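Please read the points below alongside the sequence and the structure. They take the whole chain before turning to one residue.

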Amino acid sequence: MATVQRIKVLDSHTGGEPTRLVLEGGPDLGSGPLADRVKVFKEKHDNFRSAIVGEPRGSDVIVGALLVEPHDKTCQFGVIFFNNVGYLGMCGHGTIGLIVSLAHLGRVKTGPVKLDTPVGPIEAQLLASGEVAFTNIPSYRKEKDLPLYLPGVGDVNVDLAWGGNWFCLIENHDQTLELSNIAQLTDYCSRIRQAVTDSGFPDIDHVELFVPSKKPGVNSKNFVLCPGKAYDRSPCGTGTSAKLACLAADGKLAPGDEWVQESIVGSVFRGKYRKQGDKIIPTITGTAFVTGEATLILDAGDPFVWGIR
Ligand code: PYC
């Protein structure tokens, strides 16, 4: 039995948010639907997740992307996203990073590519400009103005929406969305998440705050707290999809009109949507860059071979 496992990865960042794409050496998750493969990943190979994205090889910020064979045969690739605490339904910045990484390897060119994900197939394309646009799964708002009580703060009204992950979205708050205020924003959003859980919505695991952007031509700036308490450096593709669902439900953005979303670090995604029944189909556009090609080494003799768990 080999005591050393070699894992081929490609690192990228999308608007500052890192993605680590696992190309070779991942666990065998079978050939079922991707949602079933996530269960196998979680139950039998969760140590692989922490080995790839956790310290000492990774960090809380890195989102992993395991490239797999698609189950849906209309798709060219399948992908399962994971983070420092678990698994994601979809990941927008990760999808943009994936396409730029596959283009770097010569495995995709400009034009549409279908990707199988645990929450359903999506379409992505590398544009001639070098940007990537992806069309997300159907997104929708679940709750409008849900009242929460936050000890020490008072009443806060929040929206809950699905964009491939679950989000709690807040416009009415007194928080300063600046990089110098990350500790306070993390504390505030963690308390919001606890209050949402206590209100009977334990699946809502991302919290997203909005303020108007100060940049010309940019509609809004956000701060997104992810489930493992890392904040998204990108404007968050699934979070922007959830935002578009709320804007559409409020009649504040018409189908086809553009919404420009800035992240806490100043990177931007452009979003628009078309209607599908009472849901929307968002299209999000952004840019990613490859930052590294590497072989990770998992040495069975290393006490932290599976990360610091
Ligand atoms: O871009 O969808 C996204 C995302 C989710 C978590 C981190 N980034």
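The numbered points that follow concern a predicted model.

1. Overall fold elements. The secondary structure of the chain is made up of five helices and 17 strands.

2. Dimensions. Measured against the rule for a compact globule, the chain agrees: 309 residues would give a radius of gyration near 19 Å, and the chain has 19 Å. Along the principal axes, its C-alpha atoms fill a box of roughly 60 × 45 × 35 Å.

3. Burial and contacts. Of the 309 residues, 56% count as buried. Taking contacts between residues at least 6 apart in sequence, 63% join residues at least 24 apart.

4. Surface and charge. The chain exposes about 13,300 Å², of which carbon and sulfur atoms supply 50%. There are 31 positive and 35 negative charges in the chain, and the mean positions of the two sets are 3 Å apart.

5. E262, position and burial. This residue lies in strand 14, which covers residues 259-262. Is E262 buried or exposed? E262 counts as buried because its relative accessibility is 5%, and the cut-off for buried is under 20%.

6. E262, surroundings. Which side chain does the side chain of E262 meet in a polar contact of 2.6 Å? The partner is S213. S213 also appears among the residues in contact with E262 once neighbours within four places in sequence are left aside. That list further holds K215, V218, S220, K221, N222 and P235, together with S267 and V268.

Conventions:
Residues are numbered from 1 along each chain as its sequence is written. This is a predicted model: local features need pLDDT of at least 70, side-chain atom pairs count only at pLDDT 80 or more; totals for chains, interfaces and linings use all residues. Side-chain values use heavy atoms; hydrogens and water are left out. Helices (H or I, at least four residues) and strands (E, at least two) are DSSP runs, numbered from the N terminus. Buried means under 20% relative accessible area, exposed over 50%, partly exposed in between (1.4 Å probe, protein chains only). A polar contact is a pair of N or O atoms within 3.5 Å; within protein, one must be able to donate a hydrogen and the other to accept it, and residues adjacent in sequence count only if both atoms are side-chain atoms. Contact means heavy atoms within 4.5 Å. The radius of gyration is taken over C-alpha atoms; the globule rule is 2.2 Å times the number of residues to the power 0.38. Accessible areas come from the Shrake-Rupley method with a 1.4 Å probe; for residues, only the protein chains shown count as cover. Lys and Arg count as positive and Asp and Glu as negative; His and the chain ends are not counted. The place of a charge is taken as NZ of Lys, CZ of Arg, CG of Asp or CD of Glu.
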